[in-house]
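Work through these exercises with the model open beside you. Try each task before you read its solution.

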Amino acid sequence: MLKIFLIFFFLISCNKTYDLQRENGVYFLKKIGFKIKSTKVVDWKVGRKREANVSKGIRFISSIPNLEEEHKLVLKKKFGIDSWLIKISKISRGSTRPLGYFYIHLHNMTRTTKDFTVNLYYHAAAVSKRFRLFHCPAFNHRLEIPDVDLEDRPSADEQNLYIRPTEKLYARASRLRFAPMILSGGRSLKGKYIVDLALYNSESKQIYSDWLAGDGVLEITQEASVAVNSCIGVKEENQPLPESKMPSIQDLEIK
C-alpha cells in the first residue's frame, strides 16, 4: 500500500499544474516558476574522413509550466491567450540581447508535457540540415566547446504572474513543436544564456504578462580552435564536396 502511495505521489509531483486565480477582478497564476534542467555540448565529426571533432553548439532542456485545461479555456476566452512565449537571450560584455523567440500552444500541452528542448548552434550548423552534413563546416567554423556550465539565476524566484497586456512582439516567433528547435548563436558562443517566459496571443502578437525569469544560467567560457587539415582551402558553402551531398531516393534504394 505504501509503495502504491509513493508512486502516486511521484506522478502527481512530476505533473504539477499551476492555478489561475482571481482577486479584485485581476487574474494571475499563483507562485509559478520554471528552470533549465540540463545541458550538453553537441559534437560534430568533421574532415574529409570525419577525422576531427568540433562542436555544433549546445543543447539544453527547460521545464515549462502547465495549466489545468479549464484555466487554459478561461485565458483563451477572456484574453485570447493561447501560448507561452519563450525568449532566449545572450548576456555578453554586460549587455543582454534576445537571440530568438518561440511559442508553444497551451492546447498542445498535456499533463505529461514537462519540458522543451532547444539546440543553440553555431551559425555554421544552424543554417540548415544541408549545412550540418558538410564535412568541412561553412564559414571556416573550427571551434570546439570544452564544457558548458549551468548555474543558478538569482532573480528566478517563484512569483505570481499577473494577466494584463504589456507589449507587442514585433520580432519573428517560431512555433515550438515536438522536435528540438534550432537557434543560431552566431560565430562565437562564448557568453551567458537565459530563458524567460510570458503569456502570449499568437494571433495578435500581444504579450499578456511580465517576463517570468527561468532559473538557470548557461555559460560558455572557452572555445578551442581545432585544426582540420583535410579542410584547408575548402569552402563548402560555395561548392559542397561530393561526399557531403544530401542522400537521394536512389541512394536509399535496396540494390
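## Exercise 1: The whole chain

Task: Describe the protein as a whole, starting with its contacts.

Solution. Take the contacts between residues at least 6 apart in sequence: 77% of them join residues at least 24 apart. Keep in mind that this is a predicted model. Next, count the elements. The protein has 5 helices and 18 strands. Then look at the extent. The C-alpha atoms fill a box of roughly 70 × 50 × 40 Å along the principal axes. Last, check burial. The protein has 255 residues, and 45% of them count as buried.

## Exercise 2: A sheet of four strands

Task: Which strands stand at the edges of the sheet E3-E4-E7-E13, and why is one side of each left without a neighbour?

Solution. Step one: read the order. This open sheet has 4 strands, E3-E4-E7-E13, and its pairing is mixed. Step two: find the ends. Strand E3 (36–46) and strand E13 (181–184) each have a single partner strand, so one side of each lacks a neighbour in the sheet. Step three: add the twist. From one strand to the next, it averages 30°.

Step four: zoom in on one pair. E3 and strand E4 (residues 52–63) run antiparallel, joined by 10 bridges. Valine 46 stands opposite alanine 52 in E4.

## Exercise 3: A sheet of three strands

Task: Describe the open sheet E1-E2-E10.

Solution. Start with the pairing: the 3 strands, in the order E1-E2-E10, pair antiparallel. Now the edges. E1 and E10 each have a single partner strand, so one side of each has no neighbour in the sheet. For the turn between neighbouring strands, the average is 40°, direction ignored.

Finish with one pair. E2 and E10 are joined by 3 bridges. At phenylalanine 28, the bridge partner in E10 is tyrosine 162.

## Exercise 4: One face of a helix

Task: Which residues of H2 are buried, and where do they lie around the axis?

Solution. List the buried residues first: His71, Lys72, Leu75 and Phe79. Now look down the axis of H2. The buried residues fall within an arc of 105°, so they line one face of the helix. Turn to the face away from the buried side. Glu70, Leu73 and Lys77 are the exposed residues there.

What does the buried side pack against? Its partners are strand E1 (20–23), strand E2 (26–32) and E14. Then follow the chain past the helix. Glycine 80 comes after H2, and its phi is positive, near 80°.

## Exercise 5: Three salt bridges

Task: Compare the sequence separation and burial of three pairs. The count of salt bridges comes to 5.

Solution. Begin with the pair inside a helix. Glutamate 69 forms a salt bridge with lysine 72, with the closest N and O atoms 3.0 Å apart. The two residues are 3 residues apart in helix H2 (residues 69–79), about one helical turn. Glutamate 69 has a relative accessible area of 46%, so it is partly exposed. Lysine 72 has 7%, so it counts as buried.

Next comes a pair from separate parts of the chain. Aspartate 196 and arginine 153 meet through their side chains in a salt bridge of 3.0 Å, N to O. Aspartate 196 lies in strand E14 (residues 191–201), and arginine 153 in the loop between strand E9 (149–151) and strand E10 (159–162), so the bridge ties together parts 43 residues apart in sequence. Both aspartate 196 and arginine 153 are buried.

Last, take glutamate 243 and arginine 48. Their closest N and O atoms are 2.6 Å apart in a salt bridge. The pair links distant parts of the chain, 195 residues apart. Glutamate 243 sits in the loop between strand E18 (224–225) and helix H5 (249–252), while arginine 48 sits in the loop between E3 and E4. Glutamate 243 is partly exposed at 34%, and arginine 48 is partly exposed at 36%.

## Exercise 6: One glutamine

Task: Is glutamine 206 buried or exposed, and which residues is it in contact with beyond its neighbours within four places in sequence?

Solution. Locate it first: glutamine 206 lies in strand E15 (residues 206–207). Its relative accessibility is 13%. Buried means under 20%, so glutamine 206 counts as buried. Now list the contacts beyond those neighbours: Pro165, Thr166, Glu167, Lys168, Leu199, Tyr200 and Asn201. Finally, check for a polar partner. A polar atom of the glutamine 206 side chain lies 3.1 Å from the backbone oxygen of glutamate 167.

Terms used. Residues numbered from 1 in each chain as written. Heavy atoms only, no water. Pairing = 2+ DSSP bridges. Axes fitted to C-alpha atoms, helices over the stretch in contact; angles between N-to-C directions. Salt bridge = Lys/Arg side-chain N within 4 Å of Asp/Glu carboxyl O. Buried < 20%, exposed > 50% of the residue type's maximum accessible area, 1.4 Å probe, protein only. Polar contact = N/O pair within 3.5 Å; in protein donor to acceptor, adjacent residues only side chain to side chain. Contact = heavy atoms within 4.5 Å. Arc of directions from axis to C-beta.
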